[in-house]
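Grab a coffee and work through these exercises with the coordinates open beside you. Each one has a task and then a solution in steps.

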Amino acid sequence: MLSFECDYTEGAHERILQKLIETNMEQHSGYGSDIYCESAKEKIRKACQCPQAQVFFLTGGTQTNQIVIDSMLKPYEGVAAAQTGHVNVHEAGAIEFTGHKVMELLQHEGKIYAKELEEFLQGFWRDENYEHMVFPGMVYISYPTEYGTLYSEQELRELSSVCKKYSIPLYMDGARLGYGLMSNDTDVTLPMIAKYCDVFYIGGTKVGALCGEAVVFTKNNMPAHFLTIVKQHGALLAKGRLLGIQFDTLFTDNLYFKVSRHAIEMAERLKKGFREKGYSFLLDSPTNQQFIILENKEMEALKEKVRFSYWEKADETHTAVRFATSWATREQDIDELMEILDEMHISDVG
């Protein structure tokens, strides 16, 4: 069945698979102490223009969010995030499971605003009973957001400024980072992210890798004994070379950015096709996630031939659904989708 369900439904880019095969019988020390992890770390530092960056490889997004947030917060602190933030909605309470509250902020198409963040922080510290409350100890954002929207450089700078004012770290979830950086509508670069964020991660799972996320601590601020903390969470991969090889490959010859750009080109092609057929959108997403409004009966009929994701109810008779392109999406996939839509319309008229 044709699938636009998500951006991690395929395996991995062929260059990664080839490199894993080529190095398969090599013997290397475990837990990320191998030459490939070191090479990947250096390439990431160079791409970030952040020579002091400390890099650590983990296997998945929820795992990464939980470990980074738990390791950087004090026991009495929580993390502030948009109401729609991934850590608040789609991680099964993984953050709360570690004893840290997710503190909701108003969202604007998935984003939080610096002015409202500062008002929230001011309100906390002005409350005479603040010692009886959960302290805001970190700010979480994602790039792109859950709605495929992007922060501008100015917005990142303003958020960073507020976080510095209140001495709390700004953490960016970069599960789809490549797709944000390669968008036609962004003015943000990887070095800018390294400049404004105290910690972020470069997503591999959704951007061409079998699995893997590269956590980047930008201010020489990796928590002490981070490897031990990771192991306490059951997340320390013995064969760490598997992650190192993948990121070393992704950051060779700009592969990470090339495959990300491909996904954006496919998303623009998909968006154009839907628009030309008269469909409306929940919002204007500049990244690989496109949110289409479908009539409910059409949605059910389309499900029989195409995989996509339910997003939210638009009204009594319409639903917003998500179509996601990826590093592996082919032009012929989108052409086939458009043909299916045409056939459905002809059938309806008949």
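**Exercise 1: the cavity**

How do the residues of the lining of the largest cavity divide into nonpolar, polar and charged? Bear in mind that this is a predicted model.

*Solution.*
- Step 1: find the hole. Searching the whole structure for cavities of 30 Å³ or more turns up 1. The largest cavity has a volume of about 50 Å³.
- Step 2: list the wall. The residues lining the largest cavity are Ala82, Gly85, Gly110, Tyr140, Ile141, Ser142, Thr145, Glu146 and Tyr151.
- Step 3: sort them. With Tyr counted as nonpolar and Gly as polar, the lining of the largest cavity comes out as 4 nonpolar, 4 polar and 1 charged.
- Step 4: ask who contributes. Strand β5 (residues 135–142) supplies the largest share of this cavity's lining, 3 residues.

**Exercise 2: the pocket**

Now switch to the largest pocket: which residues are the closest to its centre?

*Solution.*
- Step 1: start with the volume. The largest pocket holds about 230 Å³ of space.
- Step 2: go to the middle. Out of 17 lining residues, Gly61, His86, Ala175, Tyr201 and Lys206 are the closest to the centre of the largest pocket.
- Step 3: check the secondary structure. Helix α3 (residues 61–72) gives the most to this pocket's lining, namely 3 residues.
- Step 4: sort by type. The lining of the largest pocket has 4 nonpolar, 7 polar and 6 charged residues.

**Exercise 3: α6 on α7**

Work out whether α6 and α7 are roughly parallel, oblique or something else, and find the handedness of their crossing.

*Solution.*
- Step 1: get the geometry. The axes of helix α6 (residues 114–126) and helix α7 (residues 153–165) come within 9 Å, crossing at roughly 15°.
- Step 2: apply the cut-off. Angles under 35 degrees count as roughly parallel, so α6 and α7 are roughly parallel to each other.
- Step 3: read the hand. The crossing in which α6 passes α7 is right-handed.
- Step 4: name the contact. From α6 come Ala114, Leu117, Glu118 and Leu121, and from α7 come Glu158, Leu159, Val162, Cys163 and Lys165. These contact residues split into 6 nonpolar, no polar and 3 charged.

**Exercise 4: two partners for α11**

Do the same for α11, once with α2 and once with α1.

*Solution.*
- Step 1: take α2. Helix α2 (residues 35–48) packs on helix α11 (residues 241–250) at an angle of about 40°, and their axes are 7 Å apart. That angle makes α2 oblique to α11, and their crossing is left-handed.
- Step 2: list that contact. Tyr36, Cys37, Ser39, Ala40, Lys43 and Ile44 of α2 meet Arg241, Gly244, Ile245, Phe247 and Asp248 of α11. By type, the α2 and α11 contact has 6 nonpolar, 2 polar and 3 charged residues.
- Step 3: take α1. The axes of α1 and α11 come within 9 Å and cross at roughly 135°, which makes α1 oblique to α11. Here α1 passes α11 in a right-handed crossing.
- Step 4: list this contact too. Arg15, Ile16, Lys19 and Leu20 of α1 touch Leu242, Ile245, Gln246, Thr249 and Leu250 of α11. Sorted, they give 5 nonpolar, 2 polar and 2 charged.

**Exercise 5: backbone oddities**

Which peptide bond is cis, with omega near -5°, and where does Tyr31 sit?

*Solution.*
- Step 1: recall the background. Most residues other than glycine have a negative phi, and most peptide bonds are trans.
- Step 2: check omega. The cis bond runs from Tyr143 to Pro144, and Pro144 lies in the loop between β5 and α7.
- Step 3: check phi. Tyr31 is not a glycine, yet its phi is positive, about 60°. Tyr31 sits in the loop between α1 (14–22) and α2.

Definitions and conventions. Residues are numbered from 1 along each chain as its sequence is written. This is a predicted model: local features need pLDDT of at least 70, side-chain atom pairs count only at pLDDT 80 or more; totals for chains, interfaces and linings use all residues. Side-chain values use heavy atoms; hydrogens and water are left out. On a 1 Å grid over the protein atoms alone, a cavity is a set of points where a 1.4 Å probe fits but cannot get out, and a pocket is an open set with protein on both sides within 12 Å along at least five of seven lines; lining residues have an atom within 4 Å of a point. Grid points are joined across faces, edges and corners, and a volume is the space filled by probe spheres set on the points. Helices (H or I, at least four residues) and strands (E, at least two) are DSSP runs, numbered from the N terminus. Axes are lines fitted to C-alpha atoms, for helices over the stretch in contact, and angles run from 0 to 180 degrees between N-to-C directions. Angles under 35 degrees count as roughly parallel, over 145 as roughly antiparallel, 65 to 115 as roughly perpendicular and the rest as oblique. A crossing is left-handed if the near helix is turned anticlockwise from the far one by less than a right angle, and right-handed if clockwise. Contact means heavy atoms within 4.5 Å.
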